[in-house]
Amino acid sequence: MGEFRRVLANGKYALFFALLAALNIFVLYSGQASKHYTSNILSFGRQYKKIISEAGSGSLNDIQKSLEKKIQDFEDAFLAMDDNPEYPNPAFQPGSSDYELASNEKQAASSLLAQAQYLKNYPEYLCLIQERKERMEKFSFMRTESGFALRNVEKTARDFLPLLEVDVQFGSNEAITAFTEHKLTDYLSLIFLMLFCIRFIEDERKGLYELVHSLPRGRRWLLANQALILAALSFAITVFFYASSIACLFMLYGGSGDLGRPIQSISAFQTCTMQISISRYLIYFFMFRFCATFLIALAIWSMLGCFSEIKSNILLLAAVLATQYSMYTYIPEQSYLNVLKYVNLFSYIHVSPLFASYFNLNIFSRPLNSRPVISMLLLPLIVILIKYCLRPRYLPTTSTATLRLPGLTDIRLRLAAKMRLFGFEVYKILVIQKGLLVFVVLLYATQNSEFMPYTQLTEVDRQTEALLLQLEGEISQDKIVEIAHMVEKSKLKIASFEQAEQEYKDGEITYAEYQSQTRGEFLAIIRNSALDEVQARALYLQRTSQILTQKPWFLPERHFKSCFGFIDQERLKQNKASFTKQHRLGILSIMSVCLLVAASYSYENQSGINMLLGTTPRGDVQLRLIKLAASFLSTFMVWLIINGFEVYSLCQEIPLRYLQAPVQSLPMFAAFPLPLSISGFLALVNLIRLLNLWSVACFIMLVSKWCNRVAQATLISIAVFVVPSVMYAILGFENFKFFALSMPVSVMGMLVADFGSMRNCIVATLVMIFCAVAFIALIEYQNRNIQRL
Amino acid sequence: MRIEIINLRKNYGNLTALDDLSLTLDEGIYGILGANGAGKSTLLNLLTDNAKRSSGQILLDGEDILQMGARYRRLVGYMPQQQGLYEQMSAKAFLLYIAELKELKKKDAKAQIESLLVATNLSDVASKKIAGFSGGMRQRLLLAQALLGNPQLLYLDEPTAGLDPKERIRVRNYISSISKGKTILLATHIASDIELIANQVIILKRGRIAQMGDPDSLAARLRSKVKEYEFPATELDDNKSRYSGIAKKHKISNIIIGNGILTARLVGDKLPEGGKPAQGHITLEDAYLYFSGDE
């Protein structure tokens, strides 16, 4: 009880917990609003409930028809309103409340129509699974195949067969669907668990270990109590993060609806093979959620106790989570290593897919359903981890003694004897604060990063690339004439195909003649489209070239697109790797700077040596300036590694002469306002990146100044400067866009025409620099004016 | 070199840590004694400009130390009470770093570090990581860094805390041996350290100077105010005994029990009848107990 009181008495944790719970609900609601294209999600919820109650318990066909009619009526009404500003009902105008109501009702009807269509097609979907099995068995090579593929198909068919008897029903599904799709709760719980477990370890390291360990209840009893606290915390997370989410969603969508319907009635659970009702699913989910949260908490706690230094423990935890996440995300479902994908910490972090999706593990070519395996492993894993966490522990050993290699000791001392103050600060970052390790990991991560991610090209893109390569060089009048000739020729060719088609239809030529005359029609059409694009580009570039000092070029742009992450919105999904690449590198930069700079002041605050340093002649302004310079140097190194690799990767893919072309030659920068070559543009972008990264370093220094512990400074820096970027760029939560520092640090994302412009980029950079200077001034002000005791 | 502290005041919210303190420090060793919270560390923090004063002045040869800035800090050596150090640095590297902060030339720094390592008996562990140092070793390292650059003003906060008797004597003697031409301010709880080496003793009480003088003159003032009383040892456990009555009313500086006799040494103005003049000399602890009043 005493331990409960001690740990839970910290008001900061309770406040943080409440803030996370509130953030979770806020993002959940705003996510629902953007999903249903409405600014008033509560109104949408009311309309949703109204339509469901109107639909009643009619047949699916009737429901579908009535919904289709409703949507059609709305569309007609909207159309009539567009055509006639004096629409008979003046209240039904954009911006009015009636308009919003109607718009929400239409959206709700569309959502329910999609559900009705899904329910209607569900039996067909089940039949298709059975048919696929039969079809595959007919192939002789599959029959003789003793591998995973056929067995997987057979097992899938076997598992789905009982579902043919399930009677899926229409009803209120939106709440459960939103709950299942909302992943933020999982990440917020993970963040809170990590912070909470670090508190346990911090207490141990505060010098209380010896005292507590010598008390009668200071060992296993205390650890058991701490495990119980984690269990209580897991319960609190399940209630306040998850149960509150579903309760809010039920409130939003007008109640829980009929929870006795089979779970397959919800399209998100189309591949769920459990024959259970929605209510039963919720019970299973919450039970599993509680146990899984407890398991994660125990796993974090055990990892944080491995080393004596908190920083090393946090690095270990980060490495394990990163590895697990990579496996969870990147191993393909059909891979023979898919056990690593599913029997993974993230399967316990994201619990919903376990129920909603159907996956088979590949165990020595035998398919094994992942859900029972993962569920059955849960309790044994908890027992093992509890056993591990409650093991007898001894005083954490600190690496002391003589530096082991005598030669190394000598070198270090000789180095120290030659170092000036700046050298010492760099030494502190690299050696004392383990910055060298950060650089080694950064080099490894950068080297393994995909700087030129694959971009999916259509046939037209490929043809356009080929033409641009053929026409490569300055856009001259001759080239424009040449393109015009090519376009003319291509159009004639297409016209001849059309003529042949007409003649065939009129019976003037035989099918064989038609076939021979229209051979290559598809390619010709593609080439024609590509030529149109090239011609349009040439004319556009010629028009906009007046601000340039030299003529624009024809350049194949695939590699630039891939490197800069500029992808058309329509192809965003296929080429997400390229789109997020800039952000990933930005996040990597910020993360590295956090690890390198977070200790700049907090290390001295932690050890209490700042009082001593302040009494030396150089320990005042000069030392702070040198600290700033050392932080800037390490930030510069991070920038150099990441951006150096990027430029190098690009130069490997393109002929270097392309770098002399005006940047406006690339269509995505056609409107770029400065007359720069591509190399000049790259220099400018990288300079802005450096300035922004330096600004981030200043932000981190302020956090470091305010924190009394290195771990605290590191965690707060990561939470404030890295997590929003991860939420936005990697996990896709749009709400975090304006807090994502990866945007200004990677720069490119701010230059995309859809999101920003050069002006936006400059404004953002100036704001960053202004904040950085203000923060440094604040540090100086505090040193001069605030009582240091 | 003269330090003048004029009407120095330091408030922490409603709490007054130093209350209009005025003091002049010339060459020599000054020992500061006081209870916890009497203002010893606050005084050192104000002298080192680690804390912002609420009012008053600290002048060095007539110039305010805040105006002097780095010029003042060039003259200061400070040994803080807190043993915060760079754990992953070796002792020698740490001293080299401090030497750099103190603007010492590399050559001078190396020579001084070698001699200070010998003086503080740390030569053997010079290349070891500080993380493995005991409390006493850290204390000696902190002293060594304070002495780097041969500062003329030396502020030492609890310099002998945590040292074994041999090291305490060694450090005490070393401080005494380098005191010529320096102003050394030594704050401690261990009265015997001050008693043996301080030229002047300052007893602080609730942020004010309760008494100041050289150890001998302080002791002389107490000559008739320290007496020893003998009781049967059994009286120690009896709440109604004569000893218990005396213990409640008077300050006891020492108790010795031997051969069934309890000998109590009492300090005060109105001591009970029947006591014998104190055996041996009057100690600074007696003086501290007397002058610190009810604290």
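**Figure 1. R265(B) and D286(B), a pair of buried residues in chain B of a predicted model.** Both R265(B) and D286(B) are buried. The model shown here and in the other views is predicted. The two residues form a salt bridge, and their closest N and O atoms are 2.6 Å apart. R265(B) belongs to strand β13, residues 261-267 of chain B, while D286(B) belongs to helix α11, residues 284-291 of chain B. The pair therefore links distant parts of the chain, 21 residues apart, with R265(B) counted as buried because its relative accessible area is under 20%.

**Figure 2. The salt bridge between R9(B) and D19(B).** The side chains of R9(B) and D19(B) meet in a salt bridge, with a distance of 2.9 Å from N to O. R9(B) sits in strand β1 of chain B and D19(B) in strand β2 of chain B, so the salt bridge ties together parts that are 10 residues apart in sequence. Are the two residues buried or partly exposed? R9(B) counts as partly exposed, because its relative accessibility is 23%. D19(B) has a relative accessibility of 16% and counts as buried. The cut-off explains this outcome: buried means under 20% relative accessible area, so 16% falls on the buried side.

**Figure 3. The salt bridge between D26(B) and R2(B).** D26(B) forms a salt bridge with R2(B), and the closest N and O atoms are 2.9 Å apart. D26(B) is found in the loop between β2 (15-25) and β3 of chain B, whereas R2(B) is found in the segment before β1 of chain B. The pair links distant parts of the chain, 24 residues apart. D26(B) is partly exposed, with a relative accessible area of 28%. R2(B) also counts as partly exposed, at 38% relative accessibility. Over all chains, a search of the whole structure finds 38 salt bridges.

**Figure 4. Strand β3 of chain B and the two strands beside it.** Strand β3 of chain B covers residues 28-34, and 7 of its 7 residues are buried. Which residues lie on each side of β3(B)? On one side are G28(B), Y30(B), I32(B) and G34(B), and on the other are I29(B), G31(B) and L33(B). Both faces of the strand are covered. In a regular strand the side chains alternate between the two faces of the sheet. β3(B) pairs in the parallel sense with strand β8, residues 183-187 of chain B, over 5 bridges. In β8(B), A187(B) is the bridge partner of I32(B). Another 5 bridges join β3(B) to strand β9, residues 200-205 of chain B, and these two strands run parallel. In β9(B), V201(B) is the bridge partner of G31(B).

**Figure 5. The contact between chain B and chain A.** The contact takes 42 residues from chain B and 40 residues from chain A. R73(B), Y86(B) and L101(B) supply 18% of the area that chain B buries against chain A, more than any other three residues. The area buried between the two chains is about 3800 Å², and carbon and sulfur atoms give 62% of this area. How many salt bridges are there between chain B and chain A? The count is 3. In one salt bridge, the side chains of R73(B) and D620(A) meet at 3.9 Å, N to O. There are also 12 residue pairs in polar contact between the chains, both residues being at pLDDT 80 or more.

**Figure 6. The side of chain B that touches chain A.** The elements that give two or more residues to this side include β1 (3-12), α3 (70-73) and α4 (91-101) of chain B. α4(B) gives the most, with 8 residues. The residues of this side divide into 17 nonpolar, 11 polar and 14 charged.

**Figure 7. Q47(A) in helix α3 of chain A.** Q47(A) lies in helix α3, residues 41-55 of chain A. Q47(A) is buried, with a relative accessible area of 7%. Leaving out residues up to four places away in sequence, Q47(A) touches L101(A), N104(A), E105(A) and A108(A).

Notes
Residues are numbered from 1 along each chain as its sequence is written. Chains are lettered from A and ligands numbered from 1 in the order in which they are written. This is a predicted model: local features need pLDDT of at least 70, side-chain atom pairs count only at pLDDT 80 or more; totals for chains, interfaces and linings use all residues. Side-chain values use heavy atoms; hydrogens and water are left out. Buried means under 20% relative accessible area, exposed over 50%, partly exposed in between (1.4 Å probe, protein chains only). Helices (H or I, at least four residues) and strands (E, at least two) are DSSP runs, numbered from the N terminus. Two strands pair if DSSP finds at least two bridges between them. Contact means heavy atoms within 4.5 Å. Buried area is the accessible area (1.4 Å probe) that two parts lose on being put together, summed over both. A salt bridge is a side-chain nitrogen of Lys or Arg within 4 Å of a carboxyl oxygen of Asp or Glu. A polar contact is a pair of N or O atoms within 3.5 Å; within protein, one must be able to donate a hydrogen and the other to accept it, and residues adjacent in sequence count only if both atoms are side-chain atoms. Ala, Val, Leu, Ile, Met, Phe, Trp, Tyr, Cys and Pro count as nonpolar, Asp, Glu, Lys and Arg as charged, and the others, Gly among them, as polar.
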